[in-house]
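Here is a structure to read through by asking how each label is earned. Take the questions in order.

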Amino acid sequence: MLVRDNAGMATSAALTEVVAGVFELRLPIPFEDGLVNVFLFVDGAEADLLDCGMNSDESVAEIKQAMAQLGAKRLRRLVVTHIHPDHYGAAGSLAGEGMADLYIHRLEVPLVHPRYVELEHLVSEVRTYLLVNGVPADDAEELSNSQRALSQVVKTAEP
């Protein structure tokens with residue numbers, strides 16, 4: 001439920017109107033401070049979203065719930081600032097054929113495939129880079145394999 005604060009701005013536990021028609025939504029992530037901020041821009045029954053959090057049922061549900069709370073029935077555009085998993089991760093759950101249009105900076109687009117689709121190639125390259133730069137073999141193995149966790153929280157989409 002949205003309530004109005006003393007300045008007349010709407011707010012709830014995870015959703016805050018930062019200026020008229022622009023809402024900050026805090027989504028859970030499993031690292032750093034545990035939250036990532038995304039922004040909804042409401043335009044009648046449609047909304048645009050800036051960044052989308054990680055691909056988890058909880059985050060996607062929170063986005064849909066916030067849209068419903070704001071009266072937006074359709075996500076029109078998803079604009080992603082960069083392809084880190086906490087900003088791009090849910091793109092494939094929200095954008096694509098029959099869903100929102102996805103916009104990503106042209107310099108970020110070529111990074112998606114090698115980072116999230118060709119995962120084994122990335123793991124191998126990271127391992128080689130670490131070994132060449134003096135990281136002990138056991139540590140290099142562990143660090144390079146940590147890249148695999150990204151595939152669990154990122155669902156790609158074509159911009």
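Q: In this predicted model, what makes strand β4 (residues 22-28) count as largely enclosed or not?
A: The count of buried residues decides it. Six of the seven residues of β4 are buried, so the rest of the structure largely encloses this strand.

Q: Why are β3 and β4 called paired strands?
A: Two strands pair if there are at least two bridges between them. Strand β3 (residues 15-19) and β4 have four bridges, in the antiparallel sense. The requirement is met, so they are called paired. As for individual positions, E17 stands opposite F23 in β4.

Q: What lies between the strands in the hairpin of β3 and β4?
A: Two residues separate the strands. In this hairpin G21 takes a positive phi near 85°.

Q: How do you know that β4 also pairs with β5?
A: Apply the cut-off of at least two bridges again. β4 and strand β5 (residues 35-43) share seven bridges, in the antiparallel sense. So this pair qualifies. R26 has N37 in β5 as its bridge partner. β4 and β5 form a hairpin with six residues between them, and E32 in the turn has a positive phi of about 50°.

Q: Why is A95 called buried?
A: Buried means under 20% relative accessible area. A95 has a value of 3%, so the label fits. A95 is found in the loop between α3 (91-94) and β8 (101-104).

Q: Which residues does A95 touch, leaving out those up to four places away in sequence?
A: They are L78, A100, L102 and A157. Each has heavy atoms within 4.5 Å of A95.

Q: How far is A95 from A20?
A: They are 75 residues apart in sequence and 25 Å apart in space, C-alpha to C-alpha.

Q: How does the span of helix α1 (residues 57-69) compare with the expected one?
A: α1 has 13 residues and reaches 18 Å from its first C-alpha to its last. That is close to the 18 Å expected at 1.5 Å a residue.

Q: What puts the buried residues of α1 on the same side?
A: The buried residues are S59, V60, I63, A66 and M67. They cover an arc of only 125° around the axis, which puts them on the same side of α1. On the other side, D57, Q65 and A68 are exposed.

Q: What do the buried residues of α1 pack against?
A: They pack against β3, β4, β5, β6 (46-50), β7 (74-80) and α3.

Q: Which residue follows α1, and what is its phi?
A: G71 follows α1, with a positive phi near 85°.

How values were computed: Residues numbered from 1 in each chain as written. Predicted model: local features only at pLDDT ≥ 70, side-chain atom pairs only at ≥ 80, totals over all residues. Heavy atoms only, no water. Buried < 20%, exposed > 50% of the residue type's maximum accessible area, 1.4 Å probe, protein only. Expected span 1.5 Å × (residues − 1). Arc of directions from axis to C-beta.
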